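Okay, thanks for making time, everyone. I'd like to walk through some packing, some charge pairs and a few odd backbone spots. Let me put it up on the screen.

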Amino acid sequence: MWEPSLSRTCPRLAAAALGLLLWSLESAAASFPAPAFPNFDSPAQIAAACDKGLAGANARVKALETRRVDAGWLAASDGLNAFVEDAYYPIGFLAHVHPDKAVRSAAEACELRWQDFSSTLGLNEKLFKATLKAKPRDAVDATYLRLMREGFEDSGVALPADKRPRAKQLSDRINELGQSFDKNIRDEATKVAFSEAELKGVPESVWKTAKRDDGGRVLLGLDTPSYTPVMQLAESPAARERIWRAKTNEGGDRNLALLAEIVQLRREYAKLFGVDSYADFTLRRRMAQNTQRTSAFLDEVKSAVTSGETRDLAELREAKARHLGTPLDTTRLERWDVPFYSERVKRERYSVDQELFRPYFPPQQSLQFVMLLTERLFGVRYTRVDVKLWHPDAQAYLATDVATGKALAGLLVDLYPRDGKYNHAAVWSYRNGATRQLAVEKGGLGKDGVGKDGVGKVGLGKPRLPQAALVVNFDRKGLTLDELETLLHEFGHALHNNLSATRYTAQAGTSTQRDFVEAPSQMLEDWVYDKNVLTLMREVCPACKPVPDELIAQARAAKDFAKGNLNARQHLFASFDLALHGADAPDPMATWARMEGATPLGHVSGTKFPAGFSHIAGGYAAGYYGYLWSDVVAHDLRTAFAADKLDAQVGRRYRNSVLANGGQRPPQDIVREFLGRDTNSKAYFEYLRR
């Protein structure tokens, strides 16, 4: 089914720039793949584009309803998906990054109108019946048809007529609540006040130029370049506790109420289909298949990490006792102590201080480093082009195939934090590519490969080039190695979009099963710990000093420190998500307090973590386990590069097998083709237990 609710692959979580069909762009560079990304300077421009896009989409729906279900019907249906991408997805993306709050609000209003279009389309009996009549030519067509049918079914088209209106009401309301949830986090402007003495240990560059309150105290926000150094380096426990509580309570009571309503509505939605829980409703379409299998997997993870978690927390408590000179038996480890003492132990044991990496990895050169790695490994070159975008910090790149010079895709990058911007790390695949585009109009194909107004014959057009946007929030002074890992992870999502070569847009790039989508990005994280890989930095930044080999070796050893605790935390998030979407759909805050309270560090009274857990308010609902599930696959994929992480032959095979296929083949088949065998969890559980 066509789903205009933007999915993002992130964090450490996407479909297309508004086409030349809809308007011309004066400042678009000719070298950026058409259609160029639209510039909006006012809410009125957003509203006008929204009106025109919806009118065009509805006209295309009517044309598709009357179209004969022949050999070209599948391509025609994907043409509708392509149009929706072009008409809506850039607007939806700008709601997360545009610097003007009024423009963001207009984009959010447009999002709700497209959600109404989507839920209406999902109940379109004529198109659903057409999917039942359509005949696939091959396995790709069969998969595409199956996914379309399932999308219609999950939207409620096959429900009794008296239940369909409620399905639409629920879908629209859930989407509206999820949008409000994200908006509350994005627009929160919390500042935490500190005396200079409280910031002892935090580099002056983090706070020296920050605004001050009337009492002269430093005001720091909850953005990553501010929050992380305080949590990892501030000697003052009180300082760490204040900013930790502020971050943990992001979204507040408003979001707790929104999430509670979302959970109840999702349960009601599942019950319309005769399914006991939203988790079961969702998982039946995933690799995990059902709640029982997912729970069994999480139990296996818990068994593998429990002893490591206990050992890690004991080491951190001992480190705190040594640091403060207090008796071990009376020393209590708090949640705001964990990042600080984790970094302290790493410095003591491995001589690794993440702050020491910043001079080695300037942000712009770090981006160029990742792009050069992509060129060497996958044969794709990124060239910066001059395109006016939503903010001066945003950048545009054209991706070309090194061997042929052929244009492949476009990539937009937004590196630095600012007020009102999405405050984590994510990739939006706002335009999906396709190797075949149909003419859905009388006059044939338009300039960007999409037809103009609705009926007519099928034809072959130019390949539709994908585009993605990578959004992070890095310190302008440089990246830590952890942040470089985050950049490479997100770039993996962008590559999944940019290097997709599927027949249909609806199956391209990250449009794959949610419990597989993180695997291609998680696989690449380990590349930043390879000294041979890091030598590429010298080529993009000759003036940068090379990272000493011994520092990389120490960082590699330090990376595994406290992995038991980190994976136990991921297990808790995934288990909470499944519990929340179980048959009883319990209260989020009470459930979190109970589940976190059963962990070794317990629950801190007054904190409201679920209020900021945007994954489960949005597209990762009943799917957060996918981070762990995908990590199993990622570890297995990585084994093919064990001998040489710069092996271009393996990289090209990976590009052609895994990245190019998007979601047009089952993940198991894609991985089997790449590895030459069925995937297994051996590498993952060996990693957890060593």
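So, start with this patch here: L127, F128, T131 and L132 in α4 meet L145, M148, R149, F152 and E153 in α5. Sort the residues of that contact by type and you get six nonpolar, one polar and two charged. And before anyone asks, yes, this is a predicted model.

How do the two helices sit against each other? α4, residues 125-133, and α5, residues 139-155, pack at an angle of about 150 degrees, and their axes are 10 Å apart. Over 145 degrees counts as roughly antiparallel, so that is what we call α4 relative to α5. The crossing of α4 past α5 is left-handed.

Okay, on to charges. How many salt bridges are there? The count comes to 58. Don't worry, I'll show just a few.

Here's R113 with D51, a side-chain salt bridge at 2.7 Å, N to O. R113 is in helix α3, residues 101-121, and D51 is in helix α1, residues 43-66, so this pair ties together parts that are 62 residues apart in sequence. As for exposure, R113 is partly exposed at 37% relative accessibility, and D51 is partly exposed too, at 41%.

Now look at E343 and K346. Their closest N and O atoms are 3.8 Å apart, and they form a salt bridge. The two are three residues apart in helix α13, residues 338-350, which puts about one helical turn between them. Buried or exposed, would you say, for E343? It counts as buried, at 4% relative accessibility. K346 also counts as buried, at 14%.

One more pair: E375 bridges to R381, with the closest N and O atoms 2.8 Å apart. R381 counts as partly exposed, at 35% relative accessibility.

And then there's a network. R146, E150, E153, D154, R284 and R285 are all linked by salt bridges. You've met E153 already, as one of the α5 residues in the contact with α4.

Let's go inside. Helix α8, residues 224-233, has eight of its ten residues buried, so the rest of the structure largely encloses it. The buried ones are P225, S226, Y227, P229, V230, M231, Q232 and L233. What do they pack against? Strands β2 and β3, plus helices α7, α9 and α13. That's the α13 that holds the E343 and K346 pair.

A quick loop stop: T480 sits between β8 and α15. It's buried, at 5% relative accessibility. Leaving out residues up to four places away in sequence, T480 touches Q354, E355, F357 and R358.

Last topic, the backbone. As background, most residues other than glycine have a negative phi, and most peptide bonds are trans. So which bond here is cis? The one from A34 to P35, with omega near 0 degrees. P35 is in the loop between β1 and α1.

Then we have S351, with a positive phi of about 55 degrees even though it isn't a glycine. S351 lies in the loop between α13 and α14, and it's partly exposed, at 46% relative accessibility.

A622 also has a positive phi, near 55 degrees, and again that's a residue other than glycine. You'll find A622 in the loop between α22 and α23, and at 0% relative accessibility A622 counts as buried.

That's my tour. Over to you.

Methods. Residues numbered from 1 in each chain as written. Predicted model: local features only at pLDDT ≥ 70, side-chain atom pairs only at ≥ 80, totals over all residues. Heavy atoms only, no water. Axes fitted to C-alpha atoms, helices over the stretch in contact; angles between N-to-C directions. Helix = DSSP H or I, 4+ residues; strand = E, 2+ residues; numbered from the N terminus. Parallel < 35°, antiparallel > 145°, perpendicular 65-115°, else oblique. Left-handed = near helix turned anticlockwise from the far one by under 90°. Contact = heavy atoms within 4.5 Å. Nonpolar A, V, L, I, M, F, W, Y, C, P; charged D, E, K, R; others polar. Salt bridge = Lys/Arg side-chain N within 4 Å of Asp/Glu carboxyl O. Buried < 20%, exposed > 50% of the residue type's maximum accessible area, 1.4 Å probe, protein only.
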